[in-house]
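Please open the model in a viewer and keep the sequence panel at hand. The stops below are meant to be selected in order.

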Amino acid sequence: MPPPGRLRATLWLSRAMSLGVLEPRPPGKRWLVAGLGNPGLPGTRHSVGLAVLGQLAQRLGVADGWARDRRCAADLALAALGDAQLVLLRPRRLMNANGRSVARAAELFGLTAEEVYLVHDELDKPLGKLALKLGGSSRGHNGVRSCITCLNSNAMPRLRVGIGRPTHPDTVQAHVLGCFSAAEQELLPPLLQRATDLLLDHIRERSQRPPSGLAISGHVPA
């Protein structure tokens with residue numbers, strides 16, 4: 001039998017999706033965590049955000065709890081984190097249109113941009129480096145740009161997962177859309193674990209703040 005917290009989360013998500021209505025927000029907070037990427041291309045550097053979401057779902061005990069939601073064209077899973085609820089989201093749209101799925105889910109779950117976490121690849125950090133950026137520009141990332149446009153805000157916290165930038169500019173696209181090399185794949189398991197730790201620690205800390213303390217500013221360096 002699944003743990004009580006996981007069972008409650010599964011039942012809640014099932015009711016919300018089938019009835020199209022939301023229950024009142026539970027004690028604590030509700031957060032949306034979206035892994036940006038291209039559906040059907042899970043092993044590429046550009047979709048490393050989806051890999052982090054997979055690790056996050058496994059850590060929270062909801063790896064088998066994904067359900068497709070046609071309203072936001074995404075797969076969703078709901079998990080409990082103390083008194084907080086986490087809505088995990090994997091867009092079923094291409095990277096450049098990820099924002100449409102994220103914004104629709106935020107609307108459905110009654111969330112502001114500040115309550116939406118984006119997890120995505122970062123060219124300007126080497127593989128193995130992480131950084132939590134609290135708001136700001138897209139830094140040229142098309143998936144983040146889509147989210148900023150669709151949410152009409154740049155306040156979303158983002159977990160940036162380094163994939164490294166190739167030396168020659170002409171190879172950037174092939175690098176981003178390509179699969180991790182065998183050597184790089186050996187670095188992925190601990191990287192995904194650390195990314196999950198960083199996300200959960202930050203969400204826990206924010207969930208414990210009073211409502212007036214939820215404004216975000218500054219950044220957390222790698």
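The tour begins with the whole chain and then proceeds to individual elements and residues.

**The whole chain**

Display the full chain as a cartoon, bearing in mind that this is a predicted model. Its secondary structure amounts to six helices and eight strands. Traced from the N terminus, the elements follow the order α-β-α-β-β-β-α-β-β-α-β-α-α-β. Of the 222 residues, 53% count as buried. A surface representation would show an exposed area of about 10400 Å², of which carbon and sulfur atoms supply 54%. Among contacts between residues at least 6 apart in sequence, 71% join residues at least 24 apart.

**The aromatic pair**

Select Trp31 and Tyr117 and show their side chains. They form the one aromatic pair that the structure holds. The ring centres are 6.0 Å apart and the planes meet at 75°, so the arrangement is edge-to-face. The pair links distant parts of the chain, 86 residues apart: Trp31 belongs to strand β1 (residues 30-35), and Tyr117 to strand β5 (residues 116-122). Both residues are buried.

**Charges over rings**

Keep Trp31 in view and add Lys29. The charged end of Lys29 sits over the ring of Trp31, 5.4 Å from its centre. Next, select Trp66 together with Arg90; here Arg90 lies over the face of Trp66, 3.9 Å from the ring centre.

**Helix α3 and its surroundings**

Move to helix α3, residues 98-108. Eight of its 11 residues are buried, so the helix is largely enclosed by the rest of the structure. The buried set consists of Asn98, Gly99, Ser101, Val102, Ala103, Ala105, Ala106 and Leu108. Against which elements do the buried residues of α3 pack? Colour β1, β2, β3, β4 (84-91), β5 and α4 to see these partners. Just after α3 comes Gly110, with a positive phi near 65°.

From Gly99, cross to Thr149, which is placed in helix α4. The two C-alpha atoms are separated by 7.3 Å, although the residues are 50 apart along the chain. Thr149 is exposed, with a relative accessible area of 58%, whereas Gly99 is among the buried residues of α3.

**Two residues with positive phi**

Most residues other than glycine have a negative phi. The next two selections depart from that pattern. Ala73, in the loop between β2 (67-69) and β3 (74-81), has a phi near 50°. Is Ala73 buried or exposed? Its relative accessibility is 19%, and since the cut-off for burial is under 20%, Ala73 counts as buried.

Then select Arg139, in the loop between β6 (130-134) and α4 (142-151). Its phi is also positive, at about 55°. Arg139 is partly exposed, with a relative accessible area of 46%.

**Helix α6**

Finish at helix α6, residues 182-207. Its 26 residues reach 38 Å from the first C-alpha to the last, close to the 38 Å expected at 1.5 Å a residue. Where does α6 bend? Centre the view on Leu188, where the helix bends by about 35°; a proline, Pro189, follows within four residues. Leu188 itself is buried. Other buried residues of α6 include Glu184, Leu191, Leu192, Ala195, Leu199, His202, Ile203 and Arg206. In an α-helix, residues three or four places apart point the same way, because there are 3.6 residues a turn. With that in mind, a view down the helix axis is a suitable place to end.

Note on methods:
Residues are numbered from 1 along each chain as its sequence is written. This is a predicted model: local features need pLDDT of at least 70, side-chain atom pairs count only at pLDDT 80 or more; totals for chains, interfaces and linings use all residues. Side-chain values use heavy atoms; hydrogens and water are left out. Rings of Phe, Tyr and Trp (its six-membered ring) pair if their centres lie within 6.5 Å; planes under 30 degrees apart count as stacked, over 60 as edge-to-face and the rest as tilted. Buried means under 20% relative accessible area, exposed over 50%, partly exposed in between (1.4 Å probe, protein chains only). A charge sits over a ring if NZ of Lys or CZ of Arg is within 6 Å of the ring centre and within 35 degrees of the ring normal. Contact means heavy atoms within 4.5 Å. Accessible areas come from the Shrake-Rupley method with a 1.4 Å probe; for residues, only the protein chains shown count as cover. The expected span of a helix is 1.5 Å times one less than its number of residues. The bend at a residue is the angle between axes fitted to the seven residues ending there and the seven starting there.
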